[in-house]
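Welcome! Take a moment to look at the model below, and then we will walk through two of its contacts together.

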Amino acid sequence: MIKLCGAVCIVAGTTCYGLFYAFQKKSRLWRLKQFKESLLCLSGQLRVARMTMPQALAQIGQKSRYDYLSQFYIFVSENLEQHTYSGFWETWTAGIDSYVRDIYLTESDSEILKNIGSIPLHLDIQMQLAFLEENILELENLIEETQKDIRARCRIYQSAGVIAGLVIVLILI
Amino acid sequence: MTDRIKEIENLLPDRLKNSLFSGMFGFRVTYDGLEEIRLRCAQPPEIRFKGKDYRTDKVIIAPQDIRQCLEYMSHYSLYAFQEEIRQGYLTVRGGHRIGVLGHAVLENGIVTGQTSLSFLNIRVAHEKIGCADTVMDFVCKDGVLKHTLIISPPCCGKTTLLRDIVRQLSQGSVIPAKKVCVVDERSEIAACVDGIPQNHLGERTDVIDCCPKAEGMLMVIRAMSPDIVAVDEIGGKKDIEAIESVIHCGCIVIGTVHGADVKELYQKPELGALLKRGVFGRLIVLSGKNGAGTVQECLEL
């Protein structure tokens, strides 16, 4: 009975780990899509309303459906107004590190998002929009690449979790 | 007053931020006396304080100081101020106007922008509430408003006076409150930031900001049914034609014009013609005799 309970616990544990790993991969995809959506909003704000960056970021932060993105944009907006960091890039990077970069995004994902902070704000509006467009495209390519095999990978992780549990149980028995 | 000092400090590069108001020039600089701050690349900073110029050799302005200044002034968004940069100035919160000069960018002989901005002139805004008290009885004589012109040489307070006249007419301090529309081509009267006037113009004042005077006057009479239209620095033919339209709509015009005295105005072709026809019933002449804002004479034509 104890052995049975133990076996069930082990299989449940490894299955959960497999599910968690699959969930991580899906979450990465959702995060990238959410960030891309927010960049499209930013691009729209600049194109139509010609807002200053702190204003545009504050608006996006207030309207965002996602807490972490809302906190990120409001953080960047407020710190730009208060001149807390030495420039836009520094403020943006600090925001990414504090609110966006987490267990779901990879190191290279974070670098791509940080790169948006090097937007050339001293040039004209067309350059801002072109820069944002380029970064949105890069995110779209990344999302597409991730999306291609995510289903298969998630099934593998889930199955691997179950199988790993069964193998461990067999070894222990 | 601390807020006003903070407004100025927030525009300055980090190296000057904490020291401008605390002894950098060998004396305590107060907001009230501060008129201008000039930052020139590779030169020491300069201020105009109570009518005199002061420089300090403690600091030499570097290109990164100018860059930082521009970032702070534009909220890291110089792209949003391209038109203002093209015109050579931008207005920031508090109504302060910053002149910017650099390398002009031309297209077919027309200035389309500036790059390599290296020279900044921060004109510190000083709203003088109540400065029109001495002329309001004249402006509203017998309870009747007439088209009024404020004549003044440069830097003698005509815009400051106009602003306070607008405020008092809008608030109804002497005669019942009027609907006033301000055509603020250079953002000097209302000093709007994000559409909100930084100066006190009264509760019944509408402002059209950064719009050429002639177009602005036509827009306000079409859209806002003003009792009074206030406009600064009337000059060219288009301005005069627009004023005639405003007058024909039954609105009162209160404006300012550059000039040392009334005789000089009669010599101007378009404006002189208006004066000869008796369009303007009241003239206020300013001078700098006893400081900016000295009322030299008030004439009823």
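## Where the chains meet

A salt bridge is a side-chain nitrogen of Lys or Arg within 4 Å of a carboxyl oxygen of Asp or Glu. By that rule, zero salt bridges are found across the interface of chain A and chain B. This is a predicted model, where local features need pLDDT of at least 70 and side-chain atom pairs count only at pLDDT 80 or more, while totals for chains, interfaces and linings use all residues. Residues are numbered from 1 along each chain as its sequence is written, chains are lettered from A in the order in which they are written, and side-chain values use heavy atoms, without hydrogens and water.

How many residues does each chain bring to the contact? Chain A gives 19 residues and chain B gives 13 residues, with contact meaning heavy atoms within 4.5 Å. Together the chains bury about 1,200 Å², 56% of it on carbon and sulfur atoms; buried area is the accessible area (1.4 Å probe) lost on being put together, summed over both parts. On the side of chain A, the most area is lost by A:Thr52, A:His83 and A:Leu121, together 38% of what that side buries.

## Two helices in chain A

Now for a pair of helices (DSSP runs of H or I, at least four residues, numbered from the N terminus). Helix H4 (residues 88-100) of chain A packs against helix H5 (residues 107-115) of chain A at an angle of about 145°, with axes 9 Å apart. Axes are lines fitted to C-alpha atoms over the stretch in contact, and angles run from 0 to 180 degrees between N-to-C directions.

Which residues of H5(A) meet H4(A)? They are A:Ser110, A:Leu113 and A:Lys114.

Key:
Buried area is the accessible area (1.4 Å probe) that two parts lose on being put together, summed over both.
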